[in-house]
Amino acid sequence: MPRIVRADRDGPIRIDPQDKPVFICGCGITQNFPFCDGSHKACKGEEPGKLYEYDGTERREVDPGSTT
């Protein structure tokens with residue numbers, strides 16, 4: 001089922017529970033949830049106050065009034 005995930009982070013959440021750190025997705029567009037796969041690089045250049053939709057590697061600006 002498609003859904004809108006509202007996230008304001010543009011990078012992963014670092015967790016250091018063991019010898020090597022674990023990175024948890026903070027942007028919501030990883031293909032390996034809950035782990036970061038580097039997809040947050042697509043968030044670079046987002047403008048504050050704007051809403052975006054991601055489809056694979058493509059980013060589209062969305063009209064906030066159409067996402068109720």
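Q: How many aromatic pairs does the structure hold?
A: The structure holds zero aromatic pairs, where rings of Phe, Tyr and Trp (its six-membered ring) pair if their centres lie within 6.5 Å, with planes under 30 degrees apart counted as stacked, over 60 as edge-to-face and the rest as tilted. This is a predicted model, in which local features need pLDDT of at least 70 and side-chain atom pairs count only at pLDDT 80 or more, while totals for chains, interfaces and linings use all residues. Residues are numbered from 1 along each chain as its sequence is written, and side-chain values use heavy atoms, with hydrogens and water left out.

Q: And what sits over the ring of Tyr52?
A: The charged end of Arg59 sits over that ring, 5.1 Å from the centre of the Tyr52 ring; the criterion is that NZ of Lys or CZ of Arg is within 6 Å of the ring centre and within 35 degrees of the ring normal.

Q: What is the mean pLDDT of the protein chain?
A: The mean is 82, and 87% of the residues in the protein chain reach 70 or more, on a scale from 0 to 100 that gives the predictor's confidence in each residue. Where pLDDT is low, the predicted coordinates should not be read in detail.

Q: Which elements have the lowest and the highest confidence?
A: Confidence is lowest in E3, at a mean of 85, and highest in E2, at 90.

Q: How many helices and strands does the protein chain have?
A: The protein chain has zero helices and four strands, where helices (H or I, at least four residues) and strands (E, at least two) are DSSP runs, numbered from the N terminus. Read from that end, the order of elements is β-β-β-β.

Q: What share of the protein chain is buried?
A: Buried residues make up 19% of its 68 residues, with buried meaning under 20% relative accessible area, exposed over 50% and partly exposed in between (1.4 Å probe, protein chains only).

Q: What about long-range contacts, meaning what share comes from residues 24 or more positions apart?
A: Such residues account for 13% of the contacts in the protein chain with a separation of 6 or more, a contact being heavy atoms within 4.5 Å.

Q: Changing topic, how many disulfides are there?
A: The structure holds zero disulfides, a disulfide being a pair of cysteine sulfur atoms within 2.5 Å.

Q: Why is Cys27 not bonded to Cys25?
A: The sulfur of Cys27 is 3.9 Å from the one in Cys25, which is the closest cysteine sulfur, and that is too far for a bond. For Cys36, which is in no disulfide either, the nearest cysteine sulfur is again that of Cys25, 6.4 Å away.

Q: Are those two, Cys27 and Cys36, buried or exposed?
A: Cys27 is buried, with a relative accessible area of 8%, whereas Cys36 is partly exposed at 25%.

Q: Where is Thr30, and what does it touch?
A: Thr30 lies in the loop between E2 and E3 and counts as buried because its relative accessibility is 10%. Leaving aside neighbours within four places in sequence, Thr30 is in contact with Cys25, Phe35, Cys36, Asp37 and Ser39.

Q: Which polar contact does the side chain of Thr30 make with another side chain?
A: The partner is the side chain of Asp37, at 3.2 Å, a polar contact being a pair of N or O atoms within 3.5 Å; within protein, one must be able to donate a hydrogen and the other to accept it, and residues adjacent in sequence count only if both atoms are side-chain atoms. A polar atom of the Thr30 side chain also lies 2.7 Å from the backbone oxygen of Phe35.

Q: What else does Asp37 contact?
A: Apart from neighbours within four places in sequence, Asp37 is in contact with Gln31 and Asn32 as well as Thr30, and a polar atom of the Asp37 side chain lies 2.8 Å from the backbone nitrogen of Gln31. Asp37 is found in the loop between E2 and E3 and is partly exposed, with a relative accessible area of 38%.

Q: Which residues does a cis peptide bond join?
A: The cis peptide bond joins Phe33 and Pro34, with omega about 10 degrees, and Pro34 lies in the loop between E2 and E3.

Q: Last one: where is Asp10, and what does it touch?
A: Asp10 is in the segment before strand E1 (13-15) and is exposed, with a relative accessible area of 55%. Residues up to four places away in sequence not being counted, Asp10 touches His40 and Cys43. His40, in turn, is buried at 18%, lies in the loop between strand E2 (22-24) and strand E3 (51-55), and touches Gly11, Pro12 and Cys27 in addition to Asp10, on the basis that residues up to four places away are not counted.
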